[in-house]
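Visitor: I have a few residues to ask about. Could you take me through them?

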Amino acid sequence: MRLKSVVLLFRLFWLFIVRRVFGRGLLASPAARLSAIFLLVAVFAGFNVLSYVVIRQYLGGTGLLEPVLQVANASVGFWVLIAYTLIRVLFMKADELLKLSFNLPVTNKERTMAFALFESSLVLLVTVFVFGAFSISTVLIEGTDYIPRVLASIWFPAISTYLLLSLGYYLLERGLQALRIARLRGLVVPMVLALGLAVAFPQTNEQSSQIAESYVFGRDYNAPVLLYAKLQEDVGLWFSILVLLATSAALIPAIVAIAPRNYVPMRRFFVFLPSCLAGRKFGVYLLVLFRSFETMVAVSFIIIYSVFAWLEHLVLPPYALALITFQGVYAFSNSEPLRRMVTYPGRTVANYLRLVGSQGVLLMVVGIPVITISVAQGVSFEACLPVLGFCLSNILISTLVGIAFPPEKGNPFTVIIGVLLTMIVVMIVALGLNVFNFDPIISAAIFAALNLLVVFYSILGMRRMERIARHEVVA
């Protein structure tokens, strides 16, 4: 394996993503790009300020920062698993990104390692977004002497956890190839990751409780996840670094050796529902949505969450239903071939209603059993209604995200940017309504008006994308 080829492919992947993200959809406008970058930087700066104020007000000078840092250390693995699951699931559809290198003089192992390096950079960005504010605030309050503790408690475990997850993933992929079901990895891998989250969540909570109990009773708490922090405290930072380097030196060659040598394309659609539905346009949209890889992944996560909530006796409203509503992000791009196969694809408003209506049918099919399970666990039906309202609104919002930031050629990074920007805007609107403390009827009217605005801009965006496809306007 040639390291130079891996680095060149890594740069090629990033170049493709940057050009694809900033060259299509809403971000094609320079003003929109600058606004998005400014908004993301402002949000990260706001997280830092908020974290600094909270830590300084409630933990500064109290001696409680040490157990809080241990709790953060214990939860690092869980958050890295969340970031890894997010990136891995989104990039499982990015086969067309790999196809960019098929005509280049590189081996499949070099291609796999370059893509793994690309994914690791994205996981690092997500981890920085999650733990960056806490790390920076802790150092600002406690001084630079706290840097070794932060490194050993958060960042060293994060690196080792990511390498272990990568090794586990490639072992799983090797096993699927041996069983000749590698084409189904798009369904198997997310289910395994969801099971991992279901197992890691209670363990993380249990460890956090034990850390707090040990601090209250003045006992020392030791666990494998606190290894780097314990070594830094007892021996020093340099010894922790040596252990990290030794661990990485053992895991990285193992990852390189176990990475599959052969490329197996992933199955993107599953035969589900009778084909006779294709006799009508709305039925075709239903088939595209129900048979897609993204829908199967979302349904798998919801099933695993529902079983986990039942076994753990979690009496919570069915918030997991929100996962199914994010299919709107891919609804427009997945159904684009339907509108290009015919001379006249139909009116834009009708196509938009088919997009949203098919997602409404999917929500109903999945929502009825999930809500029934929640009610059987003791959740009142009235508590489920706000979740349904949020899901219906999120269908409209996610469809707009998929139109404004189209995930073409399996490009999931556009989806991440679009969802982040949308969540930021929604949080600002919700915070504003909470600050002004409007009457519930007025708040409902404002939300209804905002949803109508989302529908208007979605139809406007679809009309423009259709005109671009007909070469009537410049992209």
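**Burial, contacts and rings**

Guide: Val-43 has a relative accessible area of 17%, so Val-43 is buried (buried means under 20% relative accessible area, exposed over 50%, partly exposed in between, with a 1.4 Å probe and protein chains only). This is a predicted model: local features need pLDDT of at least 70, side-chain atom pairs count only at pLDDT 80 or more, and totals for chains, interfaces and linings use all residues. Residues are numbered from 1 along each chain as its sequence is written, and side-chain values use heavy atoms, leaving out hydrogens and water.

Visitor: In which helix is Val-43 found?

Guide: Helices are DSSP runs (H or I, at least four residues), numbered from the N terminus. By that numbering, the helix of Val-43 covers residues 30–58 and is H2.

Visitor: What separates the C-alpha atoms of Val-43 and Phe-129?

Guide: Along the chain, Val-43 and Phe-129 are 86 residues apart. In space, their C-alpha atoms are separated by 9.9 Å.

Visitor: Is Ser-135 buried or exposed?

Guide: Ser-135 sits in helix H5, residues 108–142. Its relative accessible area is 6%, so Ser-135 is buried.

Visitor: Which residues is Ser-135 in contact with, leaving aside neighbours within four places in sequence?

Guide: Contact means heavy atoms within 4.5 Å. With those neighbours set aside, the partners of Ser-135 are Val-150, Ile-154 and Trp-155.

Visitor: Which backbone oxygen lies 2.9 Å from a polar atom of the Ser-135 side chain?

Guide: The Ser-135 side chain supplies one polar atom of this pair. The other, 2.9 Å away, is the backbone oxygen of Phe-131.

Visitor: How many disulfides does the count come to?

Guide: A disulfide is a pair of cysteine sulfur atoms within 2.5 Å. Cys-384 is buried, at 1% relative accessibility. Cys-391 is buried too, at 0%. The disulfide count is 0.

Visitor: Why is the pair of Phe-456 and Tyr-457 classed as it is?

Guide: The structure holds 11 aromatic pairs (rings of Phe, Tyr and Trp, the last by its six-membered ring, pair if their centres lie within 6.5 Å; planes under 30 degrees apart are stacked, over 60 edge-to-face, the rest tilted). The ring centres of Phe-456 and Tyr-457 are 5.4 Å apart and their planes lie at 70 degrees, so this pair is edge-to-face.

Visitor: Are Phe-456 and Tyr-457 buried or exposed?

Guide: Phe-456 has 48% relative accessibility. Tyr-457 has 44%. Phe-456 and Tyr-457 are each partly exposed.

Visitor: Which residues do ring pairs link into a cluster?

Guide: Ring pairs join these residues into a cluster. Its members are Phe-13, Trp-14, Phe-115 and Phe-118.

Methods. Helices (H or I, at least four residues) and strands (E, at least two) are DSSP runs, numbered from the N terminus. A polar contact is a pair of N or O atoms within 3.5 Å; within protein, one must be able to donate a hydrogen and the other to accept it, and residues adjacent in sequence count only if both atoms are side-chain atoms.
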